[in-house]
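Reader: I'm a first-year student and I keep getting lost in this model. Could you pick one spot, look at it closely, and then lead me from there into the rest of the fold?

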Amino acid sequence: MSLDPLYPTLTDLKHKAQTRVPRYLWDYLDGSTGGETARWRNEERLDAVQLWTKEPLAGEPQPDLSVDILGHRFDAPIGVAPVGMSGAVWPGAEHSLAQMATRHRLPYCLSTVAAATPEEIGPHIDGNGWFQLYAPSTPELRRDVLARAKDSGFTALVFTVDVPILSRRPREMKQRLANPMRLTPRIIWQSAMRPAWALGMVGRRTPQPVLFDKYKDSFTQGAKDKHVGLTLRCTPDWTYFEELRREWDGPLIVKGVLNPDPVQKFRDLGADGFWVSNHGGRQFEAAATAVEALPLIREVLGDDVPVIADGGVRSGTDVLRLMALGADMVMLGRGYHWGLAAAGDAGAAQVTHVLTEEIKIDMAQLGINRPVDARGCRAPAGM
């Protein structure tokens, strides 16, 4: 049965999801740092990007949404971005979204701080999996994590460079969220008010970052009020990146670059692709947006280096806007979790359906048959 009458847009899925996810987890997913202006600026800047028709007499549309990136062909230029503690936002989210991405031949990126391990998700990715890495604190730990990701079938490594330390996120602080999660009266009450979520959690382990559980007896945990995964991370430098490049023998994507100045240095040290992102506004309130950074980074890289983007995407039109600015692939984190929370597995698939249908319709409007051709459709700024 089609979900279009209920959820014709991602915004409709978002509104439904908010009624089904406990408040403390909604604030975790939806919130960002400071006054949250960076998060909303992502959307405002996207809304301001105007496109115009490239070919007004293009004939019958023959849309081809496929994209080749980092040695893989995907069926559409969209994918699932990493979200920490995804399985807390909705029960079994990592498994559900990995399976959905594989069915639709889209990339799925698993977070270092997911509520599932690479070994658990590996059987579901069928070559479509990317692994997002926060810097483990020792070479031994790093090499073991990389080996686990590789052995589990993840083909590309996404190294996040925009989290030197954790930001202050007021909505999470007001909810008194802790990691690992503690069952306080507030959390128990808010969970009970969302029965679909609560029933989905029955029989599951308490959601927490599980990747580092293997190491908690071998390393000093540090602060007792933090999960071991938060104490076994470090703030990386250029030497760390060089070592990481030597140790990972697959494609390496650098995530979180907004300034074009260090891009060539990353390339010289072996970066294969770049992910333009301000972390959904969750790290730095004064951060530039992908809309502002993408054209500058694409200019440095030329046409041959893969560029991925995220931030504020709510429609297929937004996907084409980012592609017009230089992206080859656009990833969504919050959006796919809206779908999953709103209507389960069918809701996650609805996100893909809505985006791909909107992309096809907009391509016909623009007179193009490939999403990448949107680069010739950007209207001059200020129109």
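**From one loop into the fold**

Author: Let's start with aspartate 126, which is exposed, since its relative accessible area is 58% and anything over 50% counts as exposed. Keep in mind as we go that this is a predicted model. Aspartate 126 sits in the loop between H6 and strand E5 (129-133). Its phi is positive, about 50°, although it isn't a glycine. That's worth a second look, because most residues other than glycine have a negative phi.

From that loop, step back to H6, which covers 118-121 and is among the elements covering the buried residues of helix H5. H5 runs over residues 93-103, and 8 of its 11 residues are buried, making it mostly covered. The buried ones are Ala93, Glu94, Ser96, Leu97, Ala98, Met100, Ala101 and Thr102. Besides H6, the cover includes strand E3 (78-80), helix H4 (86-89), strand E4 (108-110) and H16. Just past the end of H5 there's another positive phi, about 50°, at arginine 105.

Want one more positive phi? Try glutamate 36, a residue other than glycine with phi near 70°. Glutamate 36 lies in the loop between H2 and H3. Unlike the exposed aspartate 126, glutamate 36 is buried, with a relative accessible area of 10%.

Follow the chain into helix H3 (residues 37-48) and you reach arginine 39. At 3% relative accessibility, arginine 39 counts as buried. Leaving out neighbours within four places in sequence, arginine 39 is in contact with Lys14, Asp30, Ser32, Arg171, Gly280, Gly281, Arg334 and Trp338.

Some of those names come up again where H2 and H16 pack: Trp26, Leu29 and Asp30 in H2 meet Arg334, His337 and Trp338 in H16. Sorted by class, that contact has 3 nonpolar, 1 polar and 2 charged residues. The axes of H2 (residues 23-30) and H16 come within 10 Å and cross at roughly 155°. An angle over 145 degrees counts as roughly antiparallel, so that's the label for H2 and H16.

Arg334 has another partner, arginine 282. You'll find arginine 282 in the loop between strand E8 (273-276) and helix H14 (290-301). Arginine 282 is buried too, with a relative accessible area of 10%. Beyond residues up to four places away in sequence, arginine 282 touches Tyr28, Leu29, Gly31, Ser32, Thr33, Ser167, Arg169, Glu172 and Arg334.

Now follow H16 (residues 334-366) to its packing with helix H15 (residues 316-324), where the angle is about 60° and the axes are 7 Å apart. H15 and H16 are therefore oblique to each other, and their crossing is right-handed. From H15, Gly316, Thr317, Val319 and Leu320 meet Leu355, Glu358, Ile359, Asp362, Met363 and Leu366 in H16. This contact has 6 nonpolar, 2 polar and 2 charged residues.

What about the nonpolar inside? In soluble globular proteins, nonpolar side chains tend to be buried together. Here the largest nonpolar core has 99 residues, and Tyr108, Phe131, Phe274, Leu294, Leu322 and Tyr336 touch the most other members. H16 turns up again, giving the most to this core with 12 residues. Zoom in on leucine 294: not counting residues up to four places away in sequence, it touches Val276, Val307, Ala309, Leu322, Leu325, Gly326 and Ala327. A second, separate core has 14 residues, including Ile69, Leu70, Ile253 and Met331.

For a contrast, look at helix H7 (residues 139-151) and helix H12 (residues 238-247), which pack at an angle of about 40° with their axes 11 Å apart. That makes H7 oblique to H12. The crossing of H7 and H12 is right-handed. Arg142, Arg143 and Leu146 in H7 meet Tyr240, Glu243, Leu244 and Glu247 in H12. By class, that contact has 3 nonpolar, no polar and 4 charged residues.

One last stop gives you a feel for scale. Isoleucine 187 belongs to helix H9 (residues 185-192) and counts as buried at 3% relative accessibility. The C-alpha atom of isoleucine 187 is 57 Å from that of glycine 59, and the two residues are 128 apart along the chain.

Methods. Residues are numbered from 1 along each chain as its sequence is written. This is a predicted model: local features need pLDDT of at least 70, side-chain atom pairs count only at pLDDT 80 or more; totals for chains, interfaces and linings use all residues. Side-chain values use heavy atoms; hydrogens and water are left out. Axes are lines fitted to C-alpha atoms, for helices over the stretch in contact, and angles run from 0 to 180 degrees between N-to-C directions. Helices (H or I, at least four residues) and strands (E, at least two) are DSSP runs, numbered from the N terminus. Angles under 35 degrees count as roughly parallel, over 145 as roughly antiparallel, 65 to 115 as roughly perpendicular and the rest as oblique. A crossing is left-handed if the near helix is turned anticlockwise from the far one by less than a right angle, and right-handed if clockwise. Contact means heavy atoms within 4.5 Å. Ala, Val, Leu, Ile, Met, Phe, Trp, Tyr, Cys and Pro count as nonpolar, Asp, Glu, Lys and Arg as charged, and the others, Gly among them, as polar. Buried means under 20% relative accessible area, exposed over 50%, partly exposed in between (1.4 Å probe, protein chains only). A nonpolar core is a set of buried Ala, Val, Leu, Ile, Met, Phe, Trp, Tyr and Cys residues joined through side-chain atoms within 4.5 Å.
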